[in-house]
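Thank you for making the time this morning. I would like to walk through one structure with you, slowly, and I will begin with a question once it is on the screen.

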Amino acid sequence: MMQSVSVPIPQSAPIPAIPVREIVPWAVFGGVGVLVLLYFVGVEQGAASIFSNTLVHEFVHDARHLAGLPCH
Ligand SMILES: [Zn+2]
């Protein structure tokens with residue numbers, strides 16, 4: 001004889017709502033971080049450079065070529 005076993009399906013917990021007021025500072029922080037990273041990868045070279053030597057440029061050189069940004 002076959003017996004059926006009923007397995008209770010776990011009820012999913014309600015998704016907590018995160019207020020926009022708590023997300024905005026992290027979104028701004030992440031946006032600024034992305035812009036700084038994009039600056040160092042894409043623009044930090046020559047007359048627009050913050051650091052006078054080419055250390056930063058050489059450090060992110062492969063990322064610049066990977067992103068398709070003009071280099072040399
Ligand atoms: Zn290059």
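Does Ala 63 count as buried, partly exposed or exposed, and how many C-beta neighbours does it have inside 10 Å? Please keep that in mind while we look at the whole chain, which, I should say at once, is a predicted model.

The mean pLDDT of the chain is 87, and 97% of its residues reach 70 or more. Among the elements, helix 1, residues 20-42, has the highest mean pLDDT, at 94, whereas helix 2, residues 55-59, has the lowest, at 85. There are three helices and zero strands in the chain.

Now consider the overall form. For a compact globule of 72 residues we would expect a radius of gyration near 11 Å, but this chain has 25 Å, and its C-alpha atoms fill a box of roughly 80 × 40 × 15 Å along the principal axes.

Helix 1 has 23 residues, which at 1.5 Å a residue should span 33 Å, and this agrees with the 31 Å that separates its end C-alpha atoms. The number of buried residues in helix 1 is zero, so this helix lies largely in the open. Across the chain, too, 0% of the 72 residues count as buried.

That brings us back to Ala 63, which is found in helix 3, residues 61-67. Ala 63 has 13 C-beta neighbours inside 10 Å, and therefore counts as partly exposed, since a residue is exposed at 12 or fewer and buried at 20 or more. Finally, the C-alpha atoms of Ala 63 and Gly 33 are separated by 16 Å, with the two residues 30 apart along the chain.

Technical notes
Residues are numbered from 1 along each chain as its sequence is written. This is a predicted model: local features need pLDDT of at least 70, side-chain atom pairs count only at pLDDT 80 or more; totals for chains, interfaces and linings use all residues. pLDDT is the predictor's confidence in each residue, from 0 to 100. Helices (H or I, at least four residues) and strands (E, at least two) are DSSP runs, numbered from the N terminus. The radius of gyration is taken over C-alpha atoms; the globule rule is 2.2 Å times the number of residues to the power 0.38. The expected span of a helix is 1.5 Å times one less than its number of residues.
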